[in-house]
Amino acid sequence: MSVLHRVDETFEVADEQPVVALRDLVFFPYMVLPLLIGRAPSVAALKMAETEEGTLLLLTQKDGDVDLPTAADLHTTGCIVRILQVTPLTDGTSRVVLEGLGRAEALEFREEGDGLRARTRILEHSKQRLLDPEVEALVRQVRGLFHEYVALSPRMPDELHGTLQGVEDASRLGSLIGGHLLIPVEDKQSVLTRVGIEAQFTVLRDMILRELEILRIEEKLDQQVQVQIDDDRRQFYLQEQLKAISKELGSTDSEWSELEARLDKAGLPPNVRERADRELGRLVKLNPATPEASVIRTYLDWLADLPWESRTEDLLDVERAARILDDAHYGLEEVKERILDHIAVLSLVGALKGPILCLSGPPGVGKTSLGQSIAHALGREFVRVSLGGVRDEAEIRGHRRTYVGALPGRIVQGMRRSGSRNPVFLLDEVDKMSRDFHGDPGAALLEVLDPEQNRTFTDHYLELEFDLSDVLFVATANQLQEIPEPLLDRMEIIRVPGYLDTEKREIGRRFLWPKQVERHGLDAERVALGDDVLASVLDGYTREAGVRELDQRMATIARKLARRVAGAEESEGRIAISTEELPDILGPPPYSRAEREDGAGERIGIANGLAWTAVGGQVLDVEVAVVPGTGQIHLTGTLGDVMKESARAAMTYARSRAEQLGLDDSFHSAVDIHIHLPEGATPKDGPSAGITIAVALISALTGIPSRGDVAMTGEITLRGRVLKVGGLKEKSVAAHRYGVGTVLLPHDNRAEVERLPDEVRSGVRFLPVRTMDEVLEAALTYLPPSRELPAQQGPILEGLDPAIQPFQ
């Protein structure tokens, strides 16, 4: 049977109580407060209390940041409370109204289920008689100091005066004062811990005196601030008088007059001018020193600086534009034709919505510089905005003016820099945007790049419609698959696959080398870079779709020449670089044109594949090794899921054609097959390597070498059909660059060959294929015995014209 202790005249409690831990709160006797209980130990203690006498022991945590406190995390002195009301809430917590009964000390803790219980000792009874005059004087002093504290503190309700007047019991008075003081939790815990009226009220007196001193200092500071505010108001009043006097004298030097004149000159639309006048009226009435005045002034400056009506006249001479584009860029015929078409149509209709062009291609092919040339050809202003790494929607639409330091988005900022409402606006690296909790900038661009919507583009900062329909937007990207589909649908894609070697030679001779000569302070009449040197640099030191690496190599050569010119041994005469000097200047050549010679036995189990990458097309080897084993297949080279599926499909095809290939029906169970794509650190994926893997696999199984001058691309099915793939333009340019003589491509890609550069079509033989049988005839040096052609026919490739020749 539990031992009961009396706390007041009408209530008894058990000597063991469920414990509820409080964060940043000290509960005093005689207080009635609602609490939200949701932590598991507290919920368990509440359930125990409801099944028992309905009382709890509330103990304050030593550290409020602890989520699941133990007994060591709690103060030992707390308050026993009675549960008055429990209201369950929808989020799983409970709203519990509690009444403090008396102070108690936890002597010993023990765990029960998920909750905590403590054996308690009552520290004092709720009522005590004041027999000592000194103690009574102390109580009266504390009562008076607290009344003064309530009067000075703006956060204390005036009703406390009346509440304390009717309290005669000293113990109850001390609890009420301690509970209402706005002091730190540790100080409140110190008040609760004190045993005895005199000890408790002594602590209360010291704390109230300290708080009163702080309140008096705050009141003094408030008075000083009020005086400063009055001075500011007086200054503002005098400034307004000065403005009125200046107006009477006919002075026009007023700051507001200048701002209003700028707004008049900006040619604002009626709705924009109405908004500007309203904001200017507010600004004139405000003190210039206030933050709001600065925000409004910045807003009006933006309205005055934006090109609402200003525009440049388009230069609609097609021949002039063609000369400008040809002088600035070599090749890129498709892009040039599209721009010239736009200029021609514009010259006929007079007004045309700006197209949304997207230049897609590997790095270094001149996509960004092409935007500048387009602006020059049209006679328009040019603005470039880089979107690489942008992940916040506000970067496009701007921040709302409620934020400190808010500014318009990059679109409006670019329009302000251009000073024209019809510039060429380059959105660089549009495929490098990302999204997170800040929003999706790609979604924000949908309105910008939609010709039907961008005439009413609304920036969050301006909160006004701005017309972007006359802007010629040009976007650049390396990988179209990184662009969201809705955004991609709004753009006209123009692919820039890369440069051929002949184009690179011309670009190096016409553009890159003269630029490096000028940049390094060389005399173009004294230094020379021969065509043979340029060809050697291209063959041995570059292997890219663009010309960025070539530019870097030329910069190295220019630095070496500058060093010679600066030296005494080359002070006069013409200076030139020979091909024999290149290894000393650039180091050993990292590439070689003889990499893909048509070998014999060394080509067994190897096939040349064509791949598309973010930096252009590439020629990749697929290697297959067959070793004795138990029928396992190993795939290495950092292959993606799609490429792994292509490898499995190729293996299934080989097994299904075992009889025609001269293989035993159960060959797969006696060997292990290892399929590898070199450069294992580079991730690879995509379906276009299917026929390449199949050729390398069949070559390794049959021992028949593959042709070293044949490369291929195409997706394979289980029945041996060859399906259409993408990126043929980039792959074909890569095949030409690597010296591949014949390219096998899916029959459905045949029409794309007509759009390839003439140099590629004349230098590479394209053979459309429908099935793997046709691929094997063209890719292997000879066919397996069961399918070998008559000797008089010879190899399949002999006698074919250097044009597209389908299999009959």
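Which residue just after α17 takes a positive phi? The residue is G521, and its phi is about 70 degrees. This report, which describes a predicted model, starts from that helix and then turns to other parts of the protein.

## The protein as a whole

The secondary structure of the protein comes to 25 helices and 26 strands, and of its 808 residues, 47% are buried. If one takes the contacts between residues that are at least 6 apart in sequence, 73% of these contacts join residues at least 24 apart.

## Helix α17 and its surroundings

Helix α17 covers residues 501-519 and bends by about 45 degrees at G508. The residue at the bend, G508, is itself buried, and the other buried residues of this helix include D501, E503, K504, E506 and I507, together with L512, W513, Q516 and V517. An α-helix has 3.6 residues a turn, so residues three or four places apart point the same way. The buried residues of α17 pack against one strand, β16 (527-529), and against the helices α18 (531-541), α19 (548-566) and α23 (728-737).

The packing of α17 on α19 can be described in detail, since the two helices meet at an angle of about 45 degrees, with their axes 10 Å apart. An angle of this size, which is neither under 35 degrees nor in the range from 65 to 115, makes the two helices oblique to each other, and α17 passes α19 in a right-handed crossing. On the side of α17 the contact is made by K504, G508, L512, W513, K515 and Q516, while α19 brings L550, D551, M554, A555, I557, A558 and L561. The residues of this contact divide into eight nonpolar, two polar and three charged.

## Helices α10 and α12

A second helix pair is formed by α10 (residues 318-328) and α12 (residues 367-378), which pack at an angle of about 155 degrees, with their axes 9 Å apart. Because angles over 145 degrees count as roughly antiparallel, α10 and α12 are roughly antiparallel to each other, and their crossing is right-handed. The contact is made by R320, A321, I324, L325 and A328 of α10, which meet S373, I374, H376 and A377 of α12. Sorted by character, the residues of the contact of α10 with α12 are six nonpolar, two polar and one charged.

## A largely enclosed helix

How many of the eleven residues of helix α4 are buried? Nine are, so the helix, which runs over residues 170-180, is largely enclosed by the rest of the structure. The buried residues of α4 are A170, S171, L173, G174, S175, L176, I177, G178 and G179.

## Buried residues and their contacts

V764 sits in the loop between α24 (758-763) and β26 (765-769), and with a relative accessible area of 3% this residue is buried. Although V764 and S732 are 32 residues apart along the chain, their C-alpha atoms are separated by 8.2 Å. Apart from neighbours within four places in sequence, V764 is in contact with H736, V740, G741, T742 and V743. One of these partners, H736, belongs to helix α23, and at 18% relative accessibility H736 counts as buried, because the limit for that word is under 20%. When residues up to four places away in sequence are not counted, H736 touches L500, E759, V760 and G763 as well as V764.

A477 lies in strand β14 (residues 472-477) and is buried, with a relative accessible area of 1%. The C-alpha atoms of A477 and E429 are separated by 5.1 Å, while the two residues are 48 residues apart along the chain. Leaving aside neighbours within four places in sequence, the contacts of A477 are with C358, L359, S360, G361, K367, V430, D431 and I483.

## Positive phi outside glycine

Most residues other than glycine have a negative phi. D24 is not a glycine, yet has a positive phi of about 60 degrees; this residue is in the loop between β3 (16-22) and β4 (32-37) and is exposed, with a relative accessible area of 58%.

T638, again not a glycine, has a positive phi of about 55 degrees. The loop that holds T638 lies between β20 (633-636) and α21 (641-656), and T638 is partly exposed, with a relative accessible area of 40%.

How values were computed. Residues are numbered from 1 along each chain as its sequence is written. This is a predicted model: local features need pLDDT of at least 70, side-chain atom pairs count only at pLDDT 80 or more; totals for chains, interfaces and linings use all residues. Side-chain values use heavy atoms; hydrogens and water are left out. The bend at a residue is the angle between axes fitted to the seven residues ending there and the seven starting there. Helices (H or I, at least four residues) and strands (E, at least two) are DSSP runs, numbered from the N terminus. Buried means under 20% relative accessible area, exposed over 50%, partly exposed in between (1.4 Å probe, protein chains only). Contact means heavy atoms within 4.5 Å. Axes are lines fitted to C-alpha atoms, for helices over the stretch in contact, and angles run from 0 to 180 degrees between N-to-C directions. A crossing is left-handed if the near helix is turned anticlockwise from the far one by less than a right angle, and right-handed if clockwise. Ala, Val, Leu, Ile, Met, Phe, Trp, Tyr, Cys and Pro count as nonpolar, Asp, Glu, Lys and Arg as charged, and the others, Gly among them, as polar.
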